[in-house]
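User: Hi! I am learning how charged side chains pair up in a protein. Could you walk me through the labels?

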Amino acid sequence: LQTSAEKLLALILIFSRLWPEFQNLQTNLQTIAVIWPSVQAYESLKNTALANQETAFDPKSRANITFSKAIRCQNVSFRYHNNSPDFAIKDLNTTIPALQTTAIIGASGAGKTTLVDLLLGLLTPEKGHIYLDERPLTPATLTDWRKFIGYVPQDPYLFHSSIRTNLLWAAPAASENEVWDALETAAAADFVKKLANGLDTMIGDQGVRLSGGERQRLVLARALLRQPSLLILDEATSALDTENEQKIRAALEALQGKITIIIIAHRLSSIRHADQILVLDRGRLVANGTFTQLVQAGGRLQDFLSPSP
């Protein structure tokens, strides 16, 4: 109150100039507080990825890795926590013959996806071994082994780009004819031809401009474009309607005898024509055989499968 008018005017002018800077500082501090948990999550993920970095590809191993006979699991056990008494896979002994279709079924938590992750080399058995044509799967051969594999997940992932770009992501050197051959095999060529821009049609984020069945068939075509020796479908038809499931099932039946197929499924219709069915329960193999053999044996097949639509 005792300040002279000229000093008071100078103070007001100074504060009027500084106040926006204080507001910016406060806004920036709030922004940092909001995004800091995301930064920590990113750093944690990055450190985890670096800690689990796999062995680089060994060019000398290429000539030694083959897959023409079978994948064999010998006394394979795995648990996610070393101190846990519960095993996701326990003392598993089974053989997956080459050029045949093997279905893996079981209730939720039975170990189906864990078994597939072990076959992919994403997980390492705590006990036992996995053999590829009697050659053990080791960290040194993982990168080369995955070149033999095509994988189709339950939730298809597609980029916000053209159909062509999404397909060539799996095999950048593929020719135009190879792309269309993969689409034909996956029963996807017809709907792609009907699109205004064909292969150059933009499909939106996660393929939002396509139906669920069209997305799933594109992902199957992308996997086939790699020309895999082993095709793995992790409940790839569980969310589809009957019509689209039949189209994908027809595409898979056309591949039988040409490549090795592993199917994780809950529907009878998806596994009826499999060469062998593995039934898992709490990480253990409790039954295996053809569809007819398991039906005649009774019990186990119906326990783990929902009725087909």
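Here is a short conversation about salt bridges and exposure.

Analyst: This is a predicted model, where local features need pLDDT of at least 70, side-chain atom pairs count only at pLDDT 80 or more, and totals for chains, interfaces and linings use all residues. Residues are numbered from 1 along each chain as its sequence is written, and side-chain values use heavy atoms, leaving out hydrogens and water.

User: Why is the contact of Glu-43 with Lys-46 called a salt bridge?

Analyst: A salt bridge needs a side-chain nitrogen of Lys or Arg within 4 Å of a carboxyl oxygen of Asp or Glu. The closest N and O atoms of Glu-43 and Lys-46 are 3.5 Å apart, so the pair fits that definition.

User: What makes Arg-79 count as buried?

Analyst: Buried means under 20% relative accessible area, exposed over 50%, and partly exposed in between (1.4 Å probe, protein chains only). Arg-79 has 19% relative accessibility, so Arg-79 counts as buried.

User: And why is Glu-126 called partly exposed?

Analyst: Glu-126 has 33% relative accessibility, so the label is partly exposed. Glu-126 and Arg-79 also meet in a salt bridge, with 3.0 Å from N to O.

User: How do you know that Arg-164 and Glu-176 form a salt bridge?

Analyst: Their side chains meet at 2.7 Å, N to O, so the cut-off is satisfied. Arg-164 lies in helix α4 (residues 163-168) and Glu-176 in helix α5 (residues 176-185); helices here are DSSP runs (H or I, at least four residues), numbered from the N terminus. Salt bridges that share partners join Arg-164, Glu-176 and Asp-200 into one network.

Notes. Helices (H or I, at least four residues) and strands (E, at least two) are DSSP runs, numbered from the N terminus.
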